Amino acid sequence: MCVENVRDHGAQGDGTTDDTSSIQAAIDAASLAGGGTVCIPSGTYMISAPLAMAPRVMLHGEGDATVIKAFAASGWGTAHLYHGMIDMVGVQYAILKDFCLHQNGSARLPANHVSYGVLVNASSDCVIDNVTFLDPGLNDEYGHPSGPQLALIAKDEEKSGWGGGIGGCYRVSVRKCRFIRSGTASVDFAIRVLSNWENLIPTDEFVHYNEGHTFIDCYFKGEFAWNTLEFAGGATRYNKVTHCLFDGQTLTHIDFDKGANNNVAAFNTIYSGGKADRYIGDATKRAHAIDDHGTVAGYMNYGNTIAYNSINHLNNDNAIDNYESAISASFTRQSLIVGNTINGVNGQRVGGGIFISKNVDGVTIENNRIRNVRKGIFTDANSNNTNGVRIHNNEIEAVEQAIIIALLSGGGKGFSFTGNKLKTTSAQTCLHVAAGILESPVYALNTAEGGTIAFVLSGQHAVAIGNVARNASQYSYQVREKMTLIGNVSLNPGTGDLTKLSSSPLPALIGNTFTGASAAMAPAFGYASAAPVDGVWKQGDIFYNTAPSPGASVGWICTAGGTPGTWKAFGAIDL
């Protein structure tokens, strides 16, 4: 039911008349009546200044047939800098529904700058439903990119260039909206959800938050030069982006940044990507589809969740950065990267699936499926202060290493690798952990297929339990530090079951099943009620008697290798 109709207040919707004052008059009249719906019939309504929403007012159009469009060469001067075409500032229960918001960026010059499509500040419980955001930015050959199309800003202190005032944003629902970067204009962001970070307010001292927002069933199309959707700042928390579709080039499609915490990105589809044109030749800019990263000297991220997203075809023909990835984590704690499907990153030439960088603590990487990448889960060799990384039950097929971990000193505690199914399709190692960086890691119940060496295991006092290596072209296992191998299986290695670096100590071998053509390591320890009668064994292998009795032997030792070799009893038990 319409409380007000913009036509009744003089709006023409003819694409040439300035309808700013007419639409604003309809909004103000609805507000004076206690709220209600302001109807905007089909047509193109030109505006030259921001429209200010009022509490309990719905601005309701007729879908994309209703267009609110900014003039390109009149209005929008410095007086309106850091405002939106529509300002939802200091309001509750305001609704934007069923229309197109056209920033007219392709025809715009810097003198007529439009900062945002919609600005939300110091507001709560608002809805933006089925709105198309179209043609943002400036037509200035990337010299003065603009954005975002939608800004949600919370501030505890003044921040030049953000718009709005002191205050928070709470429980804004953005659903079934379309954010289209079309035409020739450049824009940095589609959506920014921001709170103060530059003065490093302690997290527990924030007063105003950007929290409780939901972004559901939205569509993002085209190039966004910096990020498509950014959550940034220590007071940006408990927000969700779910079931959205991202299609286009950018540095990061979903960005958790500068202390953002307890946010969720789940069930989204990210299709295509790679760096935006503006940064293709810039080696300092790194592309990730989803990035969870705090800052070096400020806010660590905390508790963000990246779950069940589908990330496909992030191909950039000009990519040269080995650390670009589908998902990245750095300067973050207690994050979850769970259940994501990754298929195709940079044509398998550079980068990979999930990148773990500096200052990562307590992150779980679990149940992800990664295909058609150069590397699966990998680190930067210059990373440090990275601890408590749990890599569990992932299924990875990579051209090079399915998992490779290399760090500087200052981290490496609490790593575990369990239940992963790994495959490499080239002459590389499958799971590779560099020596001298991990403290007591656990390798358990992983399977590895192919590679020159299936498992390269490192870590002082590491334990490897129940792993299965198949069809390595050289060795199934290589050990690089003092460790224990229990119940591991080696199947069809080209050279042998087990090898070590020349300076590494012998591992303790208990109950492993080695079947290789030769065995460079001895001894293997097993348990049986009698000496082996089949299998390939080598001199020095030992089986302990599982049915000892007076007068029997403690066990059997292989004195000459073979199939099954020559075995002699040792250690007579007293009668």
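**Overall architecture and strand pairing in the predicted model**

In the UniProt record, an unreviewed entry, the feature "domain: Rhamnogalacturonase A/B/Epimerase-like pectate lyase" is placed at residues 5–74. The structure described here is a predicted model, and in this model the chain over residues 5–74 is 19% helix and 37% strand, with the end C-alpha atoms of that stretch lying 25 Å apart.

Taken as a whole, the protein chain has a secondary structure that comes to 1 helix and 61 strands. Its C-alpha atoms fill a box of roughly 110 × 45 × 40 Å when the principal axes are used as the frame. Of the 575 residues in the protein chain, 57% are buried, and among the contacts with a separation of 6 or more, 70% are accounted for by residues that stand 24 or more positions apart. The accessible surface of the protein chain comes to about 20,900 Å², and 52% of that surface belongs to carbon and sulfur atoms. The chain carries 38 positive and 49 negative charges, and the mean positions of these two sets are 7 Å apart.

Strands of a sheet pair through backbone hydrogen bonds, in either a parallel or an antiparallel manner. One open sheet in the model consists of 4 strands in the order S11-S14-S18-S22, and its pairing is parallel. Strand S11 (123–124) and strand S22 (236–237) stand at the edges of this sheet, and because each has a single partner strand, one side of each is left without a neighbour in the sheet. The partner of S11 is strand S14 (residues 169–170), to which S11 is joined in the parallel sense by 2 bridges; within this pairing, Ser 123 has Cys 169 of S14 as its bridge partner.

A further set of pairings involves strand S49 (residues 453–457), in which 5 of the 5 residues are buried, so that this strand is largely enclosed by the rest of the structure. Strand S49 pairs in the parallel sense with strand S46 (residues 431–433) over 2 bridges, and in this pairing Leu 431 stands opposite Phe 455 of S49. Strand S49 also pairs with strand S52 (residues 475–479), again in the parallel sense, here over 4 bridges, with Tyr 475 in S52 serving as the bridge partner of Ile 453.

Technical notes
Residues numbered from 1 in each chain as written. Predicted model: local features only at pLDDT ≥ 70, side-chain atom pairs only at ≥ 80, totals over all residues. Heavy atoms only, no water. Buried < 20%, exposed > 50% of the residue type's maximum accessible area, 1.4 Å probe, protein only. Contact = heavy atoms within 4.5 Å. Areas by Shrake-Rupley, 256 points an atom, 1.4 Å probe, with all protein chains shown as cover. Lys, Arg positive; Asp, Glu negative; His and termini not counted. Charge placed at Lys NZ, Arg CZ, Asp CG, Glu CD. UniProt positions renumbered as here; feature names shortened; annotations may be inferred. Pairing = 2+ DSSP bridges.
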